[in-house]
Amino acid sequence: MSETDTAPGIAARCQADGGLTEATLGELRDELGYRKLGRWVLAEIADTLRATGLGFFPADRLDAALNTEPRQWQTVWIYSRDSTPRARVIDAVLHPDDCDVRKELEVIGTRSPAGLSHRQKLDLIREIVNA
């Protein structure tokens, strides 16, 4: 099964849950069409999530070198990497080398528009209007 065949299910679920959802490794395995969890299945789950614009944590659950005995009941949080405040905070914590952590956390924590891009300001306005 290809990534495009499997990605819409978890992506739709994540979107329906507001951009953050929790799934078991068993659910993710089933979505990919496998019967057992193993080293390559964990890697394919991680690759599929990333290819779909989704992030996940804790990262070690989908790392075969660290999760040497994956269990179907183990859970992973899945989030949409869509530049929302939640996604930016999670990305800043999980991938600190890829952003200005202080700036991301200060902007989100204080809601100060000074450090926001034009798009982020519009997103903030939409968030306030739709609240």
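1. The accessible surface of the protein amounts to about 8,200 Å², and carbon and sulfur atoms account for 53% of it. The model is a predicted one, and the points below should be read as a description of that model. Of the 131 residues in the protein, 32% are buried. Among contacts with a separation of 6 or more, 49% are between residues 24 or more positions apart.

2. Secondary structure. The protein has 6 helices and 3 strands. Along the sequence they follow the pattern α-β-α-α-β-β-α-α-α.

3. The sheet. The 3 strands make an open sheet with the order β1-β3-β2, and the pairing is antiparallel. The edge positions are taken by β1 (20-24) and β2 (54-57); each has a single partner strand, so one side of each has no neighbour in the sheet. From one strand to the next the twist averages 30°. As background, strands of a sheet pair through backbone hydrogen bonds, in either a parallel or an antiparallel arrangement.

4. The β2 and β3 pair. These two strands run antiparallel and are joined by 4 bridges. Within this pairing, Phe-56 has Ile-78 in β3 as its bridge partner. Helix α3 packs on the sheet, where it touches β2 and β3, and its direction makes about 135° with that of β2.

5. Helix α4 on the sheet. Helix α4 lies across β1, β2 and β3. Its direction runs at about 125° to β3. Two further features of this helix, a salt bridge and a surface patch, are taken up in points 8 and 9.

6. Salt bridge between α1 and α2. How many salt bridges does a search of the whole structure find? The count is 5; three are described here and in the next two points. Arg-13 pairs with Glu-27, with 3.5 Å between the closest N and O atoms. Arg-13 is in helix α1 (residues 3-16) and Glu-27 is in helix α2 (residues 25-32), so this salt bridge ties together parts 14 residues apart in sequence. Both ends are classed as partly exposed: Arg-13 has a relative accessibility of 29%, and Glu-27 has one of 37%.

7. Salt bridge within α3. Arg-50 and Asp-47 form a salt bridge whose closest N and O atoms are 3.4 Å apart. Both residues belong to helix α3 (residues 39-51), and they are separated by 3 residues, about one turn of the helix. Asp-47 is partly exposed, at a relative accessible area of 39%.

8. Salt bridge between a loop and α4. Arg-81 and Asp-91 meet through their side chains in a salt bridge, at 3.0 Å from N to O. Arg-81 is in the loop between β3 (75-80) and α4 (85-94), while Asp-91 is in helix α4, so the pair ties together parts 10 residues apart in sequence. Is Asp-91 buried or exposed? With a relative accessible area of 15%, Asp-91 is buried, because the cut-off for that class is under 20%. Arg-81 is partly exposed, with a relative accessible area of 42%.

9. Surface patch. Val-93, Leu-94 and Leu-105 make up a nonpolar patch on the surface, and their accessible area together is about 240 Å². Val-93 sits in helix α4. The relative accessible area of Val-93 is 55%, so this residue counts as exposed, a class that requires over 50%.

10. Backbone: a cis peptide bond. Most residues other than glycine have a negative phi, and most peptide bonds are trans. Which peptide bond is cis in this model? The bond from Phe-57 to Pro-58 is cis, with omega near -5°. Pro-58 is located in the loop between β2 and β3. Phe-57 falls within the range given for β2 (54-57).

11. Backbone: a positive phi. Ser-83 is not a glycine, yet its phi is positive, at about 70°. The residue lies in the loop between β3 and α4, as does Arg-81 of point 8. Ser-83 counts as partly exposed, at 35% relative accessibility.

Key: Residues numbered from 1 in each chain as written. Predicted model: local features only at pLDDT ≥ 70, side-chain atom pairs only at ≥ 80, totals over all residues. Heavy atoms only, no water. Salt bridge = Lys/Arg side-chain N within 4 Å of Asp/Glu carboxyl O. Buried < 20%, exposed > 50% of the residue type's maximum accessible area, 1.4 Å probe, protein only. Patch = residues over 30% accessible without salt bridge, like charges linked within 9 Å, V, L, I, M, F, W, Y side chains within 5 Å. Areas by Shrake-Rupley, 256 points an atom, 1.4 Å probe, with all protein chains shown as cover. Pairing = 2+ DSSP bridges. Axes fitted to C-alpha atoms, helices over the stretch in contact; angles between N-to-C directions. Contact = heavy atoms within 4.5 Å.
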